[in-house]
Amino acid sequence: MKYGKILRSILIIVCLGVMLFSLWKLWGIFSEYRESRNAYDDLAGKYVKVEVVESELKKPDWFGGGKKDTSGEKETGSDAAGESAEESTEEAVMINVEFDALLKVCPDVVGWIYSPGTPINYPIVQSGDNDYYLHRLLDGSYNKGGTLFIDYYNQPDFSDWNTFLYGHNMHDNSMFGTLDNYRQKGYYEEHPVMYLLTPEKNYVIELVAGCTIPADSTVYTLLNTVEERDALVYELSRSSSFKADVELGESDKLIILSTCVYDYDNARYVVVGALKEMLEEE
C-alpha cells in the first residue's frame, strides 16, 4: 500500500515536470514569435513609407468583372460576345522602401516583398548559402522565424528566369504562414498580386499558379530560356489550386515563393508569380 502511494507521487511529479517543461517550451516559442514580429514591425516603421495612390487595375472578367444573373444562377465570366477585361480606377495602398538606410543596417538585403491585405510585408535577403537566414533575423540573432531569403544560386537583382524565395510556414501567420491560403480560389481572388521592391527597380508580381510539390521537385531548377519558363508555367498551371489569367511578356521573369506544408513528408507549397516592372510616371 505504501509502495503504491510512493509510485503515485512519483508519477504526479513526473507529469508535473513534463507539463512545466512543455509550458516552458511553448513560452519560448511564442516569445520568439513575438520577438520576430516586433523586429520586422520596427523595420517597417523605420524604413517603409506607406502611401495611398490611385491605380488602374485591369482585371479579367472572371475576376469579379463578369455579369451576375439576378435569377440566382452563378456569376458568369463574360457574355457570349467575349467582353474584354474591365478597366477600373481604385485606391491602392503602396509602399516605398528607404533602401539606402536599410542597406547600412544589413548589406544582405536585396529587396522587399509586400502583399496588400496580408501579413507579407518583409525584407528579402541573400547570403552565401541557404542556411544562414533560415533561423536568423536581419541582425543575425537566432530566431525560428528566420528571414525571407532568395536562393544563393540566384542573381541578387532577380534577373534570372526564375528566382526562388523561401520562408517558414509560421503558426502565427507571419513570414509565409499565409502562403498556402492560395489553395483556396477565393483567397487568390482577394490577393491576386504582390509587390517586389528592390534598390534598382520595382515590380508587381502577378500570380500565375500555386501548387503542392515535393522538396526534390524539378521546379527547383534554374531556367535558361523563355521557352523553359513558358513550359514551367504551363505545367504548374495545369495543377494549380487557382485559375489565373496572366499574359507573360517576352522578358518577364518568374519568382517562386516556397514554404513547407504537411500534406506528406518534405512537401512544399509554391506560389509562382510573373515579375512585371513598374515604370515610374513621367
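Buried, in what follows, means under 20% relative accessible area; exposed means over 50%, and partly exposed covers the range in between. This is a predicted model, so please keep that in mind throughout. By that cut-off, 41% of the 282 residues of the chain count as buried.

First, the general layout. The chain has 5 helices and 10 strands. If you take the contacts with a separation of 6 or more, 65% of them are between residues 24 or more positions apart. I will go through some of the side chains behind that picture, starting with the rings.

There are 9 aromatic pairs in the structure. The one I want to show is Tyr188 with Phe242, which is stacked, with 4.2 Å from centre to centre and 10° between the planes. Where do the two partners of this pair sit in the chain? Tyr188 belongs to helix H4, residues 185–190, while Phe242 is in the loop between helix H5 (226–238) and strand E9 (253–261). That puts them 54 residues apart, so the pair links distant parts of the chain. Both Tyr188 and Phe242 are buried. They also belong to one aromatic cluster, together with Tyr182 and Tyr187.

Next to Phe242 in the numbering is Ser241, in the loop between H5 and E9. Ser241 is partly exposed, because its relative accessibility is 26%. What does Ser241 touch, leaving out residues up to four places away in sequence? The list is Tyr182, Arg183, Lys185, Gly210 and Tyr269. Two of these contacts can be described at the atom level. A polar atom of the Ser241 side chain lies 2.8 Å from the backbone oxygen of Tyr182. The side chain of Ser241 also makes a polar contact of 2.6 Å with the side chain of Tyr269. As for the backbone, the C-alpha atoms of Ser241 and Ala209 are separated by 7.1 Å, with their positions 32 residues apart along the chain.

Now the charged residues. The count of salt bridges is 9. Take Arg37 and Asp172, whose closest N and O atoms are 2.6 Å apart in a salt bridge. Arg37 is in helix H1, residues 2–47, and Asp172 is in the loop between strand E6 (162–166) and H4, so this pair ties together parts that are 135 residues apart in sequence. Are these two residues buried or partly exposed? Arg37 has a relative accessible area of 36%, so it is partly exposed. Asp172, at 23% relative accessibility, is partly exposed as well.

A salt bridge within one helix is the one between Glu235 and Arg238, with 3.7 Å between the closest N and O atoms. Both residues lie in helix H5, 3 residues apart, which is about one turn of the helix. Glu235 has a relative accessible area of 44% and is therefore partly exposed. Arg238 reaches 60%, so Arg238 is exposed.

Elsewhere, salt bridges that share partners join Asp180, Arg183 and Asp263 into one network. Within that network, the side chains of Asp180 and Arg183 meet at 3.8 Å, N to O. Asp180 counts as buried because its relative accessibility is 17%. Arg183, at 31%, counts as partly exposed. Arg183 has come up already, as one of the residues that Ser241 touches.

Back to helix H5, which also holds Arg229. Is Arg229 buried or exposed? Arg229 is buried, because its relative accessibility is 2%. Leaving out residues up to four places away in sequence, Arg229 touches Trp161, Leu223, Leu248, Gly249, Glu250, Ser251, Asp252 and Leu254. Trp161 has a further neighbour to mention: Lys253 lies over the face of its ring, 4.7 Å from the ring centre.

Last, the cysteines. How many disulfides are there? The count is 0. For reference, a disulfide is a covalent bond between the sulfur atoms of two cysteines. Cys106 is buried, because its relative accessibility is 3%. Cys260 is at 29%, so Cys260 counts as partly exposed.

That is the end of the list.

Note on methods
Residues numbered from 1 in each chain as written. Predicted model: local features only at pLDDT ≥ 70, side-chain atom pairs only at ≥ 80, totals over all residues. Heavy atoms only, no water. Phe/Tyr/Trp six-rings, centres within 6.5 Å; stacked < 30°, edge-to-face > 60°. Helix = DSSP H or I, 4+ residues; strand = E, 2+ residues; numbered from the N terminus. Buried < 20%, exposed > 50% of the residue type's maximum accessible area, 1.4 Å probe, protein only. Lys NZ or Arg CZ within 6 Å of the ring centre and 35° of its normal. Disulfide = S-S within 2.5 Å. Salt bridge = Lys/Arg side-chain N within 4 Å of Asp/Glu carboxyl O. Contact = heavy atoms within 4.5 Å. Polar contact = N/O pair within 3.5 Å; in protein donor to acceptor, adjacent residues only side chain to side chain.
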